[in-house]
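Colleague: Got a minute to go through this model with me? I'd like to pick at a few side chains.

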Amino acid sequence: MNSVFIKFLTREHQVRGYYLLATRARVSSFRDDIYQVPIHALELLNAEGITYRRAPDAEVQAAHDQIRNPAPAVL
């Protein structure tokens with residue numbers, strides 16, 4: 001599966017887009033509102049007029065690093 005990382009441009013589009021992708025495609029979410037979706041799912045977003053942008057590699061890496069290297073718990 002070829003995928004792409006995106007960020008929605010507005011909160012409304014984020015809610016609508018996530019619902020659309022969750023019910024009709026596949027979606028994974030990361031910190032900082034970054035979503036990984038199959039490339040073909042972008043057609044669904046475009047057809048509904050949901051705006052998004054591709055997340056640059058630096059944003060994707062930062063979100064991924066937060067998951068893999070969380071801050072240690074303070075006791």
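Colleague: Let's start with Phe8. Leaving aside neighbours within four places in sequence, which residues is Phe8 in contact with?

Modeller: Bear in mind this is a predicted model. With those neighbours set aside, Phe8 is in contact with His13, Gln14, Gly17, Tyr18 and Leu21, then Tyr35 and Leu45, and finally Ile50, Thr51 and Tyr52.

Colleague: OK, and the core? Which residues of the largest nonpolar core touch the most other members?

Modeller: That core has 13 residues, and the ones touching the most other members are Ile6, Phe8, Leu21, Val37, Leu42 and Leu45.

Colleague: Which elements each supply at least two residues of this core?

Modeller: Strand 1 (3-8), helix 1 (11-24), strand 3 (34-38) and helix 2 (42-47). Strand 1 gives the largest share, with three residues.

Colleague: Any general reason to expect that sort of clustering?

Modeller: Just the usual tendency: nonpolar side chains in soluble globular proteins tend to be buried together.

Colleague: Back to His13, since it was on the Phe8 list. Is His13 buried or exposed?

Modeller: Buried, with a relative accessible area of 14%. His13 lies in helix 1.

Colleague: What does His13 touch, not counting residues up to four places away in sequence?

Modeller: Phe8 and Tyr18, plus Gly49, Ile50 and Thr51. With Thr51 there's also a polar pair: a polar atom of the His13 side chain lies 2.8 Å from the backbone nitrogen of Thr51.

Colleague: Switching to charges. How many salt bridges does a search of the whole structure find?

Modeller: Three. Glu59 forms one with Lys7, where the closest N and O atoms are 3.9 Å apart.

Colleague: Why does that pair tie together parts that are far along the chain, 52 residues apart in sequence?

Modeller: Because Glu59 lies in helix 3 (residues 57-68) while Lys7 lies in strand 1. Worth knowing that 3.9 Å has to be read against a 4 Å cut-off.

Colleague: Fair. Are the two partners buried or exposed?

Modeller: Lys7 is buried, at 17% relative accessible area. Glu59 counts as partly exposed, at 26% relative accessibility.

Colleague: What else does Glu59 form a salt bridge with?

Modeller: Arg53, and there the closest N and O atoms are 3.1 Å apart. Arg53 counts as partly exposed, at 32% relative accessibility. Lys7, Arg53 and Glu59 are thus linked in a network of salt bridges.

Colleague: And with Arg16, which residue forms a salt bridge?

Modeller: Glu12, with the closest N and O atoms 3.9 Å apart. Arg16 and Glu12 are four residues apart in helix 1, so about one helical turn separates them.

Colleague: How accessible are Arg16 and Glu12?

Modeller: Glu12 counts as exposed at 53% relative accessibility, whereas Arg16 is partly exposed with a relative accessible area of 33%.

Colleague: Still on helix 1: where's Thr23, and what lies 3.3 Å from a polar atom of its side chain?

Modeller: Thr23 lies in helix 1, and the atom you're after is the backbone oxygen of Leu20. Thr23 counts as partly exposed, at 46% relative accessibility.

Colleague: Now backbone geometry. Which residues other than glycine have a positive phi?

Modeller: Asp32 is one, with phi near 65 degrees, and Asp33 is another, with phi near 60 degrees. I'd flag them because most residues other than glycine have a negative phi.

Colleague: Where do Asp32 and Asp33 sit?

Modeller: Asp32 has its place in the loop between strand 2 (28-30) and strand 3, and Asp33 is found in that loop too. Asp32 is partly exposed, with a relative accessible area of 43%, and Asp33 also counts as partly exposed, at 43% relative accessibility.

Colleague: Last thing, confidence. What does the chain average in pLDDT?

Modeller: It averages 88, and 87% of the residues score at least 70.

Colleague: Which elements have the lowest and the highest mean pLDDT?

Modeller: Helix 3 has the lowest, at 80, and strand 4 (residues 52-54) the highest, at 97. Remember that Glu59 lies in helix 3.

Conventions:
Residues numbered from 1 in each chain as written. Heavy atoms only, no water. Core = buried A, V, L, I, M, F, W, Y, C linked by side-chain atoms within 4.5 Å. Buried < 20%, exposed > 50% of the residue type's maximum accessible area, 1.4 Å probe, protein only. Contact = heavy atoms within 4.5 Å. Salt bridge = Lys/Arg side-chain N within 4 Å of Asp/Glu carboxyl O. Polar contact = N/O pair within 3.5 Å; in protein donor to acceptor, adjacent residues only side chain to side chain. pLDDT = per-residue confidence, 0-100.
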